[in-house]
Amino acid sequence: MIKENSHYGEVVAELMVDSTENVWWSLDGKDADWFFLEDSSIRLNTSVERVLDREVQGPILVASLRCHEDDMIQSTYRIMVEILNANDNLPVFQDRADLTVHLNELTPVGTVVFSVQATDADNDKIIYFIDQTSVSSRSNTHTQTHTESFTPVCVCVWKPDAEYFKIELPNSGEVILSKPLDYESKDLLTVTILASEMNTAEHFNTSTSLTIRVLDGDDQYPQFLPCVLL
């Protein structure tokens, strides 16, 4: 066994019989170029450009070790070297680009509005959560005030968009509406969703941005206009 990303020259196995003038060893087979012989050792053959990667090469390297005596093959041994996995990959969202969802303002609270999915090449378990602090957007509502020079001033209210959504089951990736939407006060929301490794010491994570465009719904009652004397 040998860990992926191991360095050049690391010992893979020791031979019980040294090469002599009449007895010598050779390597052959599909993965033989990953190894070289030095004295009585089989060593790893890697370089900066050629890294041992379990996700690329697979979990097993297979080669043949042959014993020659007087230029004749006396015996052949099959070598199977297991590549031990290392946590060297970040989670990756299946939809790598930022996502946009159109959502009617009348959507009931508790509705699953979107689902995200990420994968990890190391097969680590992944959990999802919403960044509660990094993103906020401006509300459409504003108040008009006047200074002494009667110049109109817009006082804009900034609110965190994350408060509108939640992920109840961290391993599901389901984004749920947790607060009523109101097109008239806010028609554009942006949240950051993170995917994090759950069962590793590093807890590598990655993020994606979800933009929600709120669509106008029929939520306004008709009103009579003020009476006007003719």
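Here is a walk through the sheets, salt bridges, backbone oddities and surface charge of this structure.

Before we start, keep in mind that this is a predicted model, where local features need pLDDT of at least 70, side-chain atom pairs count only at pLDDT 80 or more, and totals for chains, interfaces and linings use all residues. Residues are numbered from 1 along each chain as its sequence is written, and side-chain values use heavy atoms, with hydrogens and water left out.

Let's begin with the sheets. Helices (H or I, at least four residues) and strands (E, at least two) are DSSP runs, numbered from the N terminus. Two strands count as paired if DSSP finds at least two bridges between them. As a reminder, strands of a sheet pair through backbone hydrogen bonds, either parallel or antiparallel.

One open sheet has four strands in the order 1-7-6-3, and its pairing is mixed. Strand 1 (2–3) and strand 3 sit at the edges with a single partner strand each, so one side of each has no neighbour in the sheet. Moving inward from strand 3 (residues 23–28), you find six bridges joining it to strand 6 (residues 60–69), and the two run antiparallel. If you want a spot to click on, Asp-28 stands opposite Ser-64 in strand 6. Strand 6 is also joined to strand 7 (residues 72–84), again antiparallel, by 10 bridges. Along that pairing, Leu-65 stands opposite Tyr-77 in strand 7, and His-68 stands opposite Ile-73 in strand 7.

What happens in the hairpin of strand 6 and strand 7? There are two residues between the strands, and Asp-70 takes a positive phi near 55 degrees. Most residues other than glycine have a negative phi. Asp-70 has its positive value although it is not a glycine. Its relative accessible area of 51% makes Asp-70 exposed; on this scale buried means under 20% relative accessible area, exposed over 50%, and partly exposed in between (1.4 Å probe, protein chains only). His-203 does something similar on the backbone, with a positive phi of about 50 degrees although it is not a glycine either. You'll find His-203 in the loop between strand 17 (188–197) and strand 18, and it is partly exposed, with a relative accessible area of 40%.

Now for a second open sheet, with three strands in the order 10-16-15 and antiparallel pairing. Here strand 10 (112–115) and strand 15 (165–166) are the edge strands, each with a single partner strand, so one side of each is left without a neighbour in the sheet. Strand 15 pairs with strand 16 (residues 174–177) in the antiparallel sense over two bridges, and Phe-165 stands opposite Leu-177 in strand 16. Over in strand 10 is Phe-114, which counts as partly exposed at 22% relative accessibility. The C-alpha atoms of Phe-114 and Ile-176 are separated by 7.3 Å, although these residues are 62 apart along the chain.

On to the charges. Side chains of opposite charge can pair when their charged atoms come close. The rule used here asks for a side-chain nitrogen of Lys or Arg within 4 Å of a carboxyl oxygen of Asp or Glu, and by this rule the count comes to seven salt bridges. One of them links Arg-50 with Asp-33, the closest N and O atoms being 2.9 Å apart. Arg-50 lies in the loop between strand 5 (41–44) and helix 1 (54–57) and Asp-33 in the loop between strand 3 and strand 4 (35–38), so the pair ties together parts that are 17 residues apart in sequence. Arg-50 is partly exposed at 26% relative accessibility, and Asp-33 is partly exposed at 44%.

Another salt bridge joins Arg-43 to Glu-38, with the closest N and O atoms 2.9 Å apart; Glu-38 is partly exposed, with a relative accessible area of 37%. Glu-168 and Lys-166 form a salt bridge too, with their closest N and O atoms 2.9 Å apart, and Lys-166 is partly exposed at 33%.

Which residues gather in a patch of negative charge on the surface? They are Asp-182, Glu-184, Asp-216 and Asp-218. Patches are made of residues with over 30% relative accessible area and no salt bridge, with like charges joined within 9 Å and nonpolar side chains (Val, Leu, Ile, Met, Phe, Trp, Tyr) within 5 Å. Asp-218 sits in the segment after strand 18 (205–215) and is exposed, with a relative accessible area of 72%.

Methods:
Areas by Shrake-Rupley, 256 points an atom, 1.4 Å probe, with all protein chains shown as cover. Lys, Arg positive; Asp, Glu negative; His and termini not counted. Charge placed at Lys NZ, Arg CZ, Asp CG, Glu CD.
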